[in-house]
Amino acid sequence: MRILIVEDDDRIAKPLAEFLRRQHHIVDITTDGFAAWEWSQSGLYELILLDLMLPKLDGITLCKRLRATSSNVLILMLTARDTTDDKIIGLDAGADDYLIKPFDLKELAARIRALARRTPEIRPQILIHGDLQLDPATQQVTYAGNIISLTPKEYMILEYFLRNPNQVVTRTAILDKLWDFDKSSGEGSIKTHITNLRNKLKASGISEDLIENIYGIGYRLGHN
């Protein structure tokens, strides 16, 4: 899932982002409501973790503005305001859930999974390609029943191909979908990750390149 953290306190935002990245999410951070509004217009995000007290544009106003545009992005508010009235205001503004600071990261992860289950287009389901299986709920990859150990980035690349089995995927599309905006990367990095992923898949027993090169364009999931 691609997540936008809108939080102006680095002591909260950075550890939260690292935790979510270890959970195989793509995470971007912005520190003010106006920038969050602009970033949200890209349509890339499936979830926004939204603080209420923000510079330039507060969280409630941003939430209302998003819902006024019929945006269906999931919004989970993170705030120290813990009264019932505050929760009602946040939920009535259009938030899907509300979590009080300080919060346990495991609880946050569980709430994100619960939100994803409500949304059919991002509901976790086992992805199957021949004897290869990827389970988003457990983040486990197996081939013929044997577990394949992947790095977070290798996992995300494989999941992306399995979710787009009939498409030719450009390197630019992979960068846009799977790399954070504030991380410098390029085609060389993508090639390295895909090479490592191919080697692990072959070592698991897959005889041919599951990820095919499409000359001059990018890659496509092959037959197995």
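The following exercises, with worked solutions, concern a predicted model of a two-domain protein.

**Exercise 1. The domains and their contact**

Task: State where the two domains lie in the sequence, how far apart their centres are, and how many residues each domain brings to the contact.

Solution.
Step 1. The domain assignment places domain 1 at residues 2-117 and domain 2 at residues 127-221.
Step 2. Taken over C-alpha atoms, the centres of domain 1 and domain 2 are 28 Å apart.
Step 3. To the contact, domain 1 gives 13 residues and domain 2 gives 13 residues.

**Exercise 2. The character of the interface**

Task: Determine how much area domain 1 and domain 2 bury between them, and describe the side of domain 1 by residue, by secondary structure element and by class.

Solution.
Step 1. The size of an interface is often expressed as the accessible area lost when the parts come together.
Step 2. Here domain 1 and domain 2 bury about 1,100 Å² between them, and 50% of this area is on carbon and sulfur atoms.
Step 3. On the side of domain 1, the residues that lose the most area to domain 2 are R2, H24 and I26, which together account for 51% of what that side buries.
Step 4. A search for salt bridges across the interface of domain 1 and domain 2 returns zero, and the count of residue pairs in polar contact, with both residues at pLDDT 80 or more, is also zero.
Step 5. At least two residues of the side of domain 1 that touches domain 2 come from each of α1 (10-22) and β2 (26-30). The largest share, three residues, is supplied by β2.
Step 6. Sorted by class, this side of domain 1 holds five nonpolar, three polar and five charged residues.

**Exercise 3. Helix α2**

Task: Identify the buried residues of α2, the elements that cover them, and the side-chain contact at the start of the helix.

Solution.
Step 1. Helix α2 spans residues 33-40, and its buried residues are G33, A35, A36, W37 and S40.
Step 2. Among the elements covering these buried residues are β1 (2-6), β2, β3 and α3.
Step 3. At the start of α2, the backbone nitrogen of F34 has a side-chain oxygen of D32 within 3.0 Å.

**Exercise 4. The setting of M53**

Task: Locate M53, decide whether M53 is buried or exposed, and list its contacts beyond four places in sequence.

Solution.
Step 1. M53 belongs to the loop between β3 (47-51) and α3 (59-68).
Step 2. The relative accessibility of M53 is 52%, and the cut-off for exposed is over 50%, so M53 counts as exposed.
Step 3. With neighbours within four places in sequence set aside, M53 contacts D8 and R81.
Step 4. Between the C-alpha atoms of M53 and G222, 169 residues apart along the chain, the separation is 48 Å.

Note on methods: Residues are numbered from 1 along each chain as its sequence is written. This is a predicted model: local features need pLDDT of at least 70, side-chain atom pairs count only at pLDDT 80 or more; totals for chains, interfaces and linings use all residues. Side-chain values use heavy atoms; hydrogens and water are left out. Domain bounds come from an automatic or database domain assignment. Contact means heavy atoms within 4.5 Å. Buried area is the accessible area (1.4 Å probe) that two parts lose on being put together, summed over both. A salt bridge is a side-chain nitrogen of Lys or Arg within 4 Å of a carboxyl oxygen of Asp or Glu. A polar contact is a pair of N or O atoms within 3.5 Å; within protein, one must be able to donate a hydrogen and the other to accept it, and residues adjacent in sequence count only if both atoms are side-chain atoms. Helices (H or I, at least four residues) and strands (E, at least two) are DSSP runs, numbered from the N terminus. Ala, Val, Leu, Ile, Met, Phe, Trp, Tyr, Cys and Pro count as nonpolar, Asp, Glu, Lys and Arg as charged, and the others, Gly among them, as polar. Buried means under 20% relative accessible area, exposed over 50%, partly exposed in between (1.4 Å probe, protein chains only).
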